[in-house]
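Open the structure in your viewer and get ready to select a few side chains. This tour goes from ring to ring.

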Amino acid sequence: MGVLMSRRQTVERVQKVSLAVSAFKDGLREQPSTRRRAEAGTTRQGTLEQEVQEGEEEALAGPSQPEESSASKAAWERLRDGRGVEPEEFERANRFTPPAFIRPKRELHDDEPPDISLEQREQILNDEMCEICEVWTAESLFPCRICHRVYHDGCLRRMGYLQKDSAVEVTETAHTETGWSCYYCDNLNLLLTEEEMYSLMETLRSCKIIPESCLTLDDFLHYKHQVHKQQFERTMPEAQEEQAALQFNALDPDKKGHIEWQDFLSHESIQLLQKIRPQNALLRLLTPKERERARAAFLALDQDNDGFIGEGECRQARHSWFRKHQKEMLSCNVSISHVGPISEGSPASSRNGKSPEKILPATKQEETRSIDWPRFLRENVAYILAARPNSAALHLQPLA
């Protein structure tokens, strides 16, 4: 929080300095006209009408608008390019050059339904060499739980992606069932195309959102109200405001009173993907690891092996998708943790008799309605993608 808050304070300070510099420039700009009026008074050249005209021109021109600060411009550039780390925060000596992120492009066949079979399992193979240094050192490599890439912890540090506070977490979780997402998969914003990213940036600019800053509940609700009014030209209903407040609480699991910028950006990115892209296009974003773990989740719920599960079970799985593992849970055999860490109250773990969390009761209508494998994927694809970040925040709060 300290780093993000200091960034916001820096932006505000730079903006104040820009205003002061602009006012100083305006003062310099006014001096020639004053001097001209003084000379006109001594030499008796010029008329009162000329002075009035000069004053009107200066009034119409008005004060010059302060230019956007360099810090703010740099923040918007990092947002556009998908870079989540400020180069100034790290020593440049002995560091690798961060990769150039290339945003995806939409293909013509993206909206067609992909063929993801329930019976045909996929073989999961990780890379043998570190993504950064391209050197193989066996057990010291850390695999990503989403993609095929593997990394050295030393390489991640030299890239600036592994700080002291996160090094222990990566070491403890990379080789466990919880897993760890690499810097590609951890950033949901990288799923957006250039056109989608431009649309998101325009929305953030119009709502006066400062990049790389924390948002309080008031900030978050004000932003949601503005977005709703821009889209529908009417005030956001009270029910949606309550849902937005629940989403804020989900993005602030530690109850700090604010949400981090990266969590807010991930939430807005997945929301935009849901609005713009059809479910078939989202299904094509799933990696083989995610598809395989979704199969494991469905098969664990399909206890009678008829290819269908109840809607209540699907809803319970959705609510437990994001829960982080407890240390005593790391050895459970059946879970959907690799798609999104599972809780003891999930369908998979409840079969072992452990259910400290409340499981939402299924209604009679939900118990009678059946969901097959393709529908299970379509209805949960957004939650699978939203579970990629390492953060404990729930980037999509499932509806009750």
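The stops below are aromatic rings and their surroundings.

This is a predicted model, where local features need pLDDT of at least 70, side-chain atom pairs count only at pLDDT 80 or more, and totals for chains, interfaces and linings use all residues. Residues are numbered from 1 along each chain as its sequence is written, and side-chain values use heavy atoms, with hydrogens and water left out.

**What to look for.** Rings of Phe, Tyr and Trp (its six-membered ring) pair if their centres lie within 6.5 Å; planes under 30 degrees apart are stacked, over 60 edge-to-face, the rest tilted. The count here is eleven aromatic pairs.

**First stop.** Select Y183 and Y184. Their rings form a tilted pair, 4.8 Å centre to centre with 35° between the planes. Buried or exposed? Buried means under 20% relative accessible area, exposed over 50%, partly exposed in between (1.4 Å probe, protein chains only). Y183 is buried at 11%. Y184 is partly exposed at 23%.

**Next stop.** Select Y223 and F264. The ring centres lie 5.3 Å apart and the planes meet at 75°, so this pair is edge-to-face. Y223 sits in helix α7 (residues 217-232) and F264 in helix α9 (residues 261-276), 41 residues apart, so the pair links distant parts of the chain. Helices are DSSP runs (H or I, at least four residues), numbered from the N terminus. Y223 is buried at 2% relative accessibility, and F264 is buried at 0%.

**Last stop.** Go back to Y184 and add F101, Y151, W180 and Y183: these five residues form one aromatic cluster. Now add R149. It lies over the face of Y184, 4.1 Å from the ring centre. A charge counts as over a ring if NZ of Lys or CZ of Arg is within 6 Å of the ring centre and within 35 degrees of the ring normal.

Key
Helix = DSSP H or I, 4+ residues; strand = E, 2+ residues; numbered from the N terminus.
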